[in-house]
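User: I am new to this structure and would like to be walked through some of its helices and aromatic rings, one question at a time.

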Amino acid sequence: MRLFKKIFIALVLVIFILFIGIWWYLNSLKPTYEGNLSLSGIQNETTVYFDDYGIPHIYAQNQEDAMTALGYVHAQDRLFQMELIRRIAPGRLSEIFGDKMLKNDKFFISLGIEQTSEKTVKNIDKNSESYKLCIAYLNGVNQYIKNGPTPIEFSLIGIEKEQYTLKDIYNIAGFMAFSFAMAQKTDPLLTVLKEKLGEKYIKDLPINTSPNATIIKTTKQDIKIYEEMVTGINEIMGKTLVSPFIGSNSWVVSAKKTSTGKVLFANDPHMKYSQPAVWYEAHISTPNFKLYGYYIAGIPFPLLGHNRNYAYGLTMFENDDLDFYQEKNNPTNKNQYKTPNGYADYKTFTKTIKVKNAKDVTIEVKNTRHGLIINAVIDNNLSGNSPIAMSWVYTKLDIELLNAFYTISRATKMSDVKKGASLITAPGLNIMYGDTKGNIAWWASAKLYKLKSNASRKFILDGASGKDDIARYLDFSENPMAENPSWNYVYSANNQPDSIANILYPGYYVPEDRAKRIVQLLKPKNDWSKQDFAEMINDVTSSVSPTIVKELYTSIQNDSLSKTEQKALSILKKWDGSNTIKSVAPTIYNKFIYQYLKNTFKDEMGAKMFTQFLKTHLSKRTIASQINKDKSVWWDDVTTKNNIETKENILLKSFKEAILTLKKQLGDNLNEWHWGDVQTLEHKHPLGTISYLRKYFNVGPFPINGAKAVINNRDFDYTDSGLYDVFAGPSTRRIIDFSDVENSISISPTGESGNFLSKHYKDQALMYNQGKFRKMKMNKKEIISVATKLTFSPKK
């Protein structure tokens, strides 16, 4: 008995000691929000106040000290996020995740981002202020990497910590630039459809193709390559572990349209949801520089920001800055390709990819005068005789992206921001601006260009002849822009800008839904307030959906419907286009839209290409344009041999199928078909894919309001499931009121910290879901009253 008692006591002690050890270990991983730390490389004591949402407010005697402190606190909250994003462009994800990421690594290596980064770093001006601040930021990041606790994700996955470099920063910028593009999803798809179906089908899609456009002719083998290419790219981008931009809203109204007589500014960039969230907020104050900024992991200059004098933000321009060229090999020498001046040698480079728990993989990438051959790594070796080169502005011209945002974030007047905007070659961005003096502006920032021919850039171009090459780059002065317009507001919702250089500039613009709603709200009202903006940025009403519903109910006969179908149609008729959690109409509408797209396009495209079509902006543009056509080649179902279907046939069939599947999914009571029951949001962490870690690392799921193409935008895939798993939406909502800058407001989808043990990991999630805000604090006294204090002293 005594032996048993001793064993029991010993076991309890072991469990207690183990519990204490785990508790101590986990607590050691938490971010340091208060105390004193020494940093090398800073000149003076620097103070960081973490407010009640964990946002750092950095007070320093000079900008370099502030940037060093920023690097340190950014790393302690987001080091795992920074680690993942720096590995994408150079193809280093397989090193930690194994061969499941090998295709991604091969693809990103073939883009040439790393080579562009190396060239940029080699030629950088080391006397420039932007370079010095980048180095100061890296100094802070690397001191945390060296001296701070190792994030638990590193230990679970088995990642060795490495010092951050300037090349990493430029690699991250390159990845973000590519993630904005849509051409890689659209151009090969349209080429396949044109070759498989013919010109009449292409002309019936909303792609703004000139009737006189020259389209490169292709073979059946080429079509197979293009199919593999578009499928492969979508698969790769879907597996990318870091959030790309997908859209955005922003609007700025002049003093003449506000109740206070001061400018109001709003911005909500749309990005893929993730955990941690995209933006890291930080407020910096030095004697000669003050800014509240929003930072991407690993990037030292904020892409969004404001102070007491001005505010800036961005949306996606959606211009076409990436073209594909069909090259032709020399039939007698596989190491050469055809040019207008004869055959030229491919330039090549090799790269070895380290693969976890497997042998290293070495790939060879060929380079042409247009760019790198891209399809060889994603089409299962089909490309031997049909190489496709990618011509991308980002890798063809000098990269000034970091200098651009350095200039914008350090501006003292509107012309400084315009100068910074002019430095951006790619990605295409709309830079939005407002200031305390009453100025408002919008600049489309990108290096735009014209081709020699009238070839459509929505298709794969002829690389051999030279006739489809770039003729000239446009000067920034030719870009779309508006400065203090007479209508007293500027806005952007990723829609088509007005004509420039005598053309509607080619791009992958989204449909007018959000833009139409923004103008519908902005135009008539002249007494806007901050609260009005807060309501508008959370608006969930579509201005276009009711017009689509009208086309539905005017195209079908009521007596052909069952009682349940008639009731469902009645619900849609009464719908004002709002997409709230308890609404029933959005559930019916979105199921109908999917069935309508499926019944209209899948029979001609085939299942594989139809799935890819749904992932493009083109499919979004098609919803309204197609349903308004009484006659269209797409209406006929080519799988029915003896019938030629009409618009009425397809819409009736689609509506009946929608109601039937909803009854099976949600039951017979239409009043219980709530939108929030089928549309949900979960913020996913890379480790959340492991079931027993999901509840610790993921945030959600939550029922969520909003929908595709409304201001409070949500993006999801249409599938047969009838469930809408939201994967993208507003990455922040921010409103700056120049009549009361210190009480400007914002919100994050989850929280400031990427450390799951931090109380600021998900403390904003419910507020975000409910459309609420918190202050972006700038008043030092107010900050101190709610903050913890971390002091950095110069290391002796």
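User: Is Phe613 buried or exposed?

Analyst: This is a predicted model, and in it the relative accessible area of Phe613 comes to 0%. A residue counts as buried when that value is under 20%, so Phe613 is buried.

User: How is the pair of rings formed by Phe601 and Phe613 classed?

Analyst: The two rings belong to distant parts of the chain, with Phe601 in helix H19 (residues 585–605) and Phe613 in helix H20 (residues 607–613), 12 residues apart. Phe601 is likewise buried, at a relative accessible area of 0%. The ring centres lie 5.3 Å apart and the planes stand at 50°. Planes under 30 degrees apart would count as stacked and those over 60 as edge-to-face, so the pair is tilted.

User: How many aromatic pairs are there by this rule, in which ring centres lie within 6.5 Å?

Analyst: The rule pairs rings of Phe, Tyr and Trp whose centres lie within 6.5 Å. By this rule the count comes to 37.

User: Which class describes the aromatic pair of Trp392 and Tyr394?

Analyst: Trp392 and Tyr394 are both buried, and they belong to one aromatic cluster with Phe107, Phe108, Phe175 and Phe178. Their ring centres are 5.0 Å from each other, and the angle between the planes is 25°. Since planes under 30 degrees apart are placed in this class, the pair is stacked.

User: How are helices H2 and H8 oriented relative to each other?

Analyst: Two packed helices are described by the angle between their axes and the distance between the axes. For H2 and helix H8 (residues 166–179), the angle is about 75° and the axes are 8 Å apart. Angles of 65 to 115 degrees fall in one class, and H2 and H8 are therefore roughly perpendicular.

User: How many charged residues does the contact of H2 with H8 have?

Analyst: On the H2 side the residues are Ile85, Arg86 and Ile88, and these meet Asp168, Ile172, Phe175 and Met176 in H8. By class, the contact has five nonpolar residues, no polar residues, and charged residues numbering two.

User: Is Arg87 buried or exposed?

Analyst: Arg87 is found in helix H2 (residues 63–88), and beyond its neighbours up to four places away in sequence, Arg87 touches residues including Ile159 and Glu162. Its relative accessible area is 2%, and a value under 20% is the cut-off for this class, so Arg87 is buried.

User: Over the ring of which residue does the charged end of Lys708 sit?

Analyst: Elsewhere, Lys573 lies over the face of Tyr553, at 5.1 Å from the ring centre. For Lys708, the charged end is 4.9 Å from the centre of a ring, and that ring belongs to Phe716.

Conventions
Residues numbered from 1 in each chain as written. Predicted model: local features only at pLDDT ≥ 70, side-chain atom pairs only at ≥ 80, totals over all residues. Heavy atoms only, no water. Helix = DSSP H or I, 4+ residues; strand = E, 2+ residues; numbered from the N terminus. Buried < 20%, exposed > 50% of the residue type's maximum accessible area, 1.4 Å probe, protein only. Contact = heavy atoms within 4.5 Å. Axes fitted to C-alpha atoms, helices over the stretch in contact; angles between N-to-C directions. Parallel < 35°, antiparallel > 145°, perpendicular 65-115°, else oblique. Nonpolar A, V, L, I, M, F, W, Y, C, P; charged D, E, K, R; others polar. Phe/Tyr/Trp six-rings, centres within 6.5 Å; stacked < 30°, edge-to-face > 60°. Lys NZ or Arg CZ within 6 Å of the ring centre and 35° of its normal.
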